Amino acid sequence: MIKNIVFDFGGVIVDIDRDKAVQAFIKLGLADADTRLDKYHQTGIFQELEEGKLSADEFRKQLGDLCGRELTMEETKQAWLGFFNEVDLRKLDYILGLRKSYHVYLLSNTNPFVMSWACSPEFSSEGKPLNDYCDKLYLSYQLGHTKPAPEIFDFMIKDSHVIPSETLFVDDGSSNIHIGKELGFETFQPENGADWRQVLTVILNS
């Protein structure tokens, strides 16, 4: 019986537009943004930021070096937000409804630029931050690991006391779903951009 639901952020709660993000970083001056940015797993300084090995300011400075000019925190943040399309309130309202019957958590590969937006009233048109939709957020840059590393799952399991067999893990990344299954989670892999509400309801009622 499912008692807990763990959502990914980008690609599940909020749709990802990698091409838009690439263009945003190119506008900053990062000519090779297309080879540096990935929809699921970053590399180089982008990965170091999401693992918490670089602070937001250290990332800004190193990105500026790559772009050949000094960048502000705000323009760096706006480039990161290029990954995301408009937030679908229907999904957020659905998740709020789930919290009446389930514990709801977030497990995300992310960074402080994205979360400074997501955890603010600017996140949704209703003025609610992401925190209002989940019992707790488990964020890669705060935990020092990114999915699909088992360490980030292990931390969440120990901290939240969830039992994997009683937990549905929802993620659009195949490598993340694979490790989730290995650790004993029930899993659901929607496609980025999909309206997964009806399918998720069927899974939870089965």
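These notebook entries record what I looked up in this structure, which is a predicted model.

**Entry 1. Domains**

I began with the division of the chain. The domain assignment gives domain 1 as 2–14 + 85–203 and domain 2 as 16–80. I took the centres over C-alpha atoms and found 23 Å between domain 1 and domain 2. To the contact between them, domain 1 gives 22 residues and domain 2 gives 17 residues.

**Entry 2. Strand order**

I then followed the strand pairings, beginning at β1. Strand β1 covers residues 4–7 and pairs with β4 in the parallel sense over four bridges. Within this pairing I noted I5, whose bridge partner in β4 is L168. β1 is also joined to β2 by four bridges, and these two strands run parallel. Here N4 stands opposite H103 in β2.

From β2 I moved on to β3, residues 136–139; four bridges join the two strands, again in parallel. The chain reaches β3 from β2 by way of α7, and this β-α-β crossover is right-handed. One bridge in this pairing sets Y105 against K136 in β3.

On the β4 side I looked up β5, residues 186–188, which runs parallel to β4 and is joined to it by three bridges. F169 has T187 as its bridge partner in β5. β4, α10 and β5 together make a right-handed β-α-β unit.

**Entry 3. Faces of β1 and β4**

Are the residues on the two faces of β1 buried or exposed? I found both faces covered: N4 and V6 on one side are buried, as are I5 and F7 on the other. I asked the same of β4, where both faces are likewise covered. T167 and F169 lie on one side of β4, L168 and V170 on the other, and all are buried.

**Entry 4. Aromatic pairs**

How many aromatic pairs does the structure hold? I recorded 20. I examined two of them individually.

Y105 and Y138 form a tilted pair, with 6.1 Å centre to centre and 50 degrees between the planes. This pair links distant parts of the chain, since Y105 is in strand β2 and Y138 in strand β3, 33 residues apart. Y105 has a relative accessible area of 8% and is therefore buried. Y138 is buried as well, with a relative accessible area of 2%.

F153 and F169 form an edge-to-face pair, with 5.3 Å centre to centre and 85 degrees between the planes. F153 belongs to helix α9 (residues 150–160) and F169 to strand β4 (residues 167–170), so the pair ties together parts that are 16 residues apart in sequence. Both F153 and F169 are buried.

I also noted one aromatic cluster, formed by F9, F25, F46, F59, W80, F83, F84, F113, W117 and F123.

**Entry 5. N176 and K181 in helix α10**

I next compared two residues of helix α10, which spans residues 174–182 and includes K181. N176 lies in α10 too.

Why does N176 count as buried? Its relative accessibility is 5%, so N176 falls under the 20% cut-off for buried residues. Which residues does N176 touch, leaving aside its neighbours within four places in sequence? I listed K147, P148, F153, F169 and D171. Two of these contacts, F153 and F169, are the partners of the edge-to-face pair in Entry 4.

Why does K181 count as exposed? Its relative accessibility is 55%, which means that K181 lies over the 50% cut-off for exposed residues. I also checked K181 against F169: the two are 12 residues apart in sequence, and their C-alpha atoms are 8.8 Å apart in space.

**Entry 6. N109 and the K147 backbone**

Last, I looked up N109. Where does N109 lie? It is in the loop between β2 (103–108) and α7 (112–118), on the path of the right-handed crossover from β2 to β3. N109 is buried, because its relative accessible area is 15% and buried means under 20%. The side chain of N109 reaches the backbone nitrogen of K147 at 2.7 Å. K147 is also one of the residues in contact with N176, and I closed the entry there.

Methods
Residues numbered from 1 in each chain as written. Predicted model: local features only at pLDDT ≥ 70, side-chain atom pairs only at ≥ 80, totals over all residues. Heavy atoms only, no water. Buried < 20%, exposed > 50% of the residue type's maximum accessible area, 1.4 Å probe, protein only. Polar contact = N/O pair within 3.5 Å; in protein donor to acceptor, adjacent residues only side chain to side chain. Pairing = 2+ DSSP bridges. Right-handed = clockwise from strand over helix to strand, strands pointing away. Phe/Tyr/Trp six-rings, centres within 6.5 Å; stacked < 30°, edge-to-face > 60°. Domains from an automatic or database assignment. Contact = heavy atoms within 4.5 Å.
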